Every structure is written in C-alpha cells, then in structure tokens.
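Here are my comments on the model you sent, set out as numbered points. Please read them with the structure open beside you.

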Amino acid sequence: MMDRDRNKTLLLELQRAAGTGNGRCADCGEPDPEWASYKLGIFICLNCSGIHRNLPQISRVKSLRLDFWENDLLEFMKKHGNLCAKAKYEAKVPAYYYIPQSCDCMVLREQWIRAKYEREEFVATRVCQDPCSAGSREGFLWKRGRESRQFQKRRFLLSAREGVMKYYTKESRGPKAIISIENLNAMFQTEKIQHAHGLQITYNIDGQTRNLFVYHESGKEIVDWFNAIRAARYHYLRTTFPTVPEPELIPRITRNYVKEGYMEKTGPKDAFAQGQVFIGRMDEGYEVRAGLPQGVHVKKRKPAITVVTPMREFVFICENDREQREWIDAINRVIAEPLTGED
C-alpha cells in the first residue's frame, strides 16, 4: 500500500516537473493530463487515452490516480516523458501539417496519434515531402448535392503545381468546377455534415462564397486530403509572399470559422445580393454595435447588432442575449486583427 501511494505521488510530481513537457497532453496539449502510456513513456489526457487504447501493440495506458504503477513502469516514465517522445516522433512534422488541439474533432486527433506512433510518419529517418508534391492528390470523395442534399461519389483532383482543385461528375466530360488554391479553405465540420469525417471546402468565385461538403469512409483518407489542401495552400503562400515570416503564414493556410450560426437580417431594399459582408479594420471605419441604428425599428423584440462599414450599416437580429454577445465579440476579434497581403 505504501509503494502504491508513493509511486502515485512520484508520478504526479513527474507530471508537474518543469522542463519535461509532461504538464500538457503529449498529443493535443490539454493541460494537466491524468493518464499515461507506459509503453511510450508519455502523459496524455483522458480523450487521447481512449485513442491509445485502440493501439495495444504500440501503446498501453494507465490512470495516474486510479491504477497501480509497478516500480519498473515508474522508472520507465522517469527516463522518458513528453519532450523525449516529441523529439523522436515529431522530429520532421511538415510546416503545413495540421497539429490538432483538444478542441478538434476525433478524426483529426486519432489520425495525428496514428501518424506519429503507428505509422511513424515524422521520425528523423523519414524523408520530408516538399509542399508542391504533397499538395497533389487525386481520388474519390462523397460530395453533397446542392439540390438533392444527397451524397454522391465524385472524383477530385488537387494540384499545387497548377494552383487549382477540380472535381468531376459522371455526366461532365470536363471538370464541374475549377477552384483556385488562392482562395481555397478547408475545415472539419462533422456536426454540420452529420458525418464523423465531414469536411467543408470553401472558396470564392465571382465575389460569392461557395461551399462543398464532402466526406470519405476512411479517416486516414479524409485527413490526408485535408493536409494535402494545406500543403497546396502553404506552397501558394510561400511562393506568393516569400518575405513573410513563416509563423505568420502558418495560421493562414486554413482557418476555422470564428463563429457560425443563424441571425435574421434586415436592411434597405437595395441591399447587396452577395449574401456576405466584408469586415475590415476598425481604423478603416468598421465597427459593430449592440442594438439598432437610430431611427430603425423592427417588429420583433429581440436583441440586435449593427455592423457599420464605410459604405452602409447592416442590421442583424439575434435569437437571444447570449448570441448577441457572442456575435459582437467574434466580429470585434475580426475587426481588431490586422489585414495581411493575402486579405
């Protein structure tokens, strides 16, 4: 009993030890992980421990607080740790590769863990692909139709060298759409698409924002597509903005929505038919306010927000006070963010 308590105390001390990286999950960065893989010598969070349980040949997990730790396992953990594992398993992670966080969907986190420990894709002996070749891919994805809302199998082709992504229907001889990598974005939207591997591809054409909703049965395949799009985007950004420091480029490769949801829109009869509002910087005359502009009245007694642009004001009606606060905070974050050359 004394050994059990002593080992538990030593493990928790090891988890908190400075300079080890053990204070955050080795795979998703969640703080204060309370699980560990005693085959890999890493400290991980509860969610990532569930993924590790599906890799019994590579990883075996125990709770720091609930399980008994033998002396030899404790010594193994002392000799290893998160920084040690990172040096081995993340030695050559490409700049374009998306490293998931705790808030990301399951398929991203699972494939990151499998890529690291099962396939050892980033160990020092692996040869790194250049972004141009990594950003080229061809295959089939299930795409949701605009009218039928049913998913149909479509062939997609991505070429970083040509700077485009194309997709084809059975009926079309040529590509149904040719999408420039310049304004291509991809993000996982599992709830919206109602599939665990759901990916939303967004692009601009003729001033309009278009969306493709796709998935693949294989988690590895859809994550490989996601990172191929990121590689193509990285190649484009690196080529187009050669003087911009890499830490500034990486967040621009692909981006998630700051906030997404429904609001009711009102406005003058000559409102833009584009279905979108460009939001620039505060010092350029952009602003968001709670409530309605002076002299404007609406029938519904619900909280409103007014988005002020140099051209005109846009009025949106929110469902409740919480939604109003969240939309104001989200738009303020965008307004406060400096525009880049790409923007």
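**Notes on helices and cysteines**

1. On the other side of α3, away from its buried residues, D72 and K79 are exposed. The model is a predicted one, and the points below should be read with that in mind. The buried residues of helix α3, which spans residues 71-79, are L73, L74 and M77. Around the axis these three cover an arc of only 100 degrees, which puts them on the same side of α3. As background, an α-helix has 3.6 residues a turn, so residues three or four places apart point the same way. After α3 comes G81, whose phi is positive, near 115 degrees.

2. Helix α2, residues 46-53, can be described in a similar manner, with C48, S49, I51 and H52 buried. Viewed down the axis of α2, the buried residues fall within an arc of 155 degrees, so they line one face of the helix. What covers these buried residues includes three strands, namely β1 (35-37), β2 (42-44) and β3 (61-63), together with the helix α5 (106-118).

3. The helix α5 also packs against helix α8, residues 219-240, and here the two axes come within 10 Å and cross at roughly 95 degrees. An angle of 65 to 115 degrees counts as roughly perpendicular, and α5 and α8 are therefore roughly perpendicular to each other. On the α5 side the contact is made by V107, L108 and Q111, while α8 contributes G219, K220, I222, V223 and F226. By residue type, the contact of α5 with α8 divides into five nonpolar, two polar and one charged.

4. How many disulfides does the model contain? The count comes to zero when a disulfide is taken as a pair of cysteine sulfur atoms within 2.5 Å. C84 is in no disulfide, and the nearest cysteine sulfur, which belongs to C25, is 16 Å away. C105 is likewise in no disulfide, with the nearest cysteine sulfur, that of C103, 9.7 Å away.

5. Is each of these two cysteines buried or exposed, or does it lie in between? C84 has a relative accessibility of 40% and therefore counts as partly exposed, the range for that class lying between 20% and 50%. C105, at 16% relative accessibility, counts as buried, because buried means under 20%.

Technical notes: Residues numbered from 1 in each chain as written. Predicted model: local features only at pLDDT ≥ 70, side-chain atom pairs only at ≥ 80, totals over all residues. Heavy atoms only, no water. Buried < 20%, exposed > 50% of the residue type's maximum accessible area, 1.4 Å probe, protein only. Helix = DSSP H or I, 4+ residues; strand = E, 2+ residues; numbered from the N terminus. Arc of directions from axis to C-beta. Contact = heavy atoms within 4.5 Å. Axes fitted to C-alpha atoms, helices over the stretch in contact; angles between N-to-C directions. Parallel < 35°, antiparallel > 145°, perpendicular 65-115°, else oblique. Nonpolar A, V, L, I, M, F, W, Y, C, P; charged D, E, K, R; others polar.
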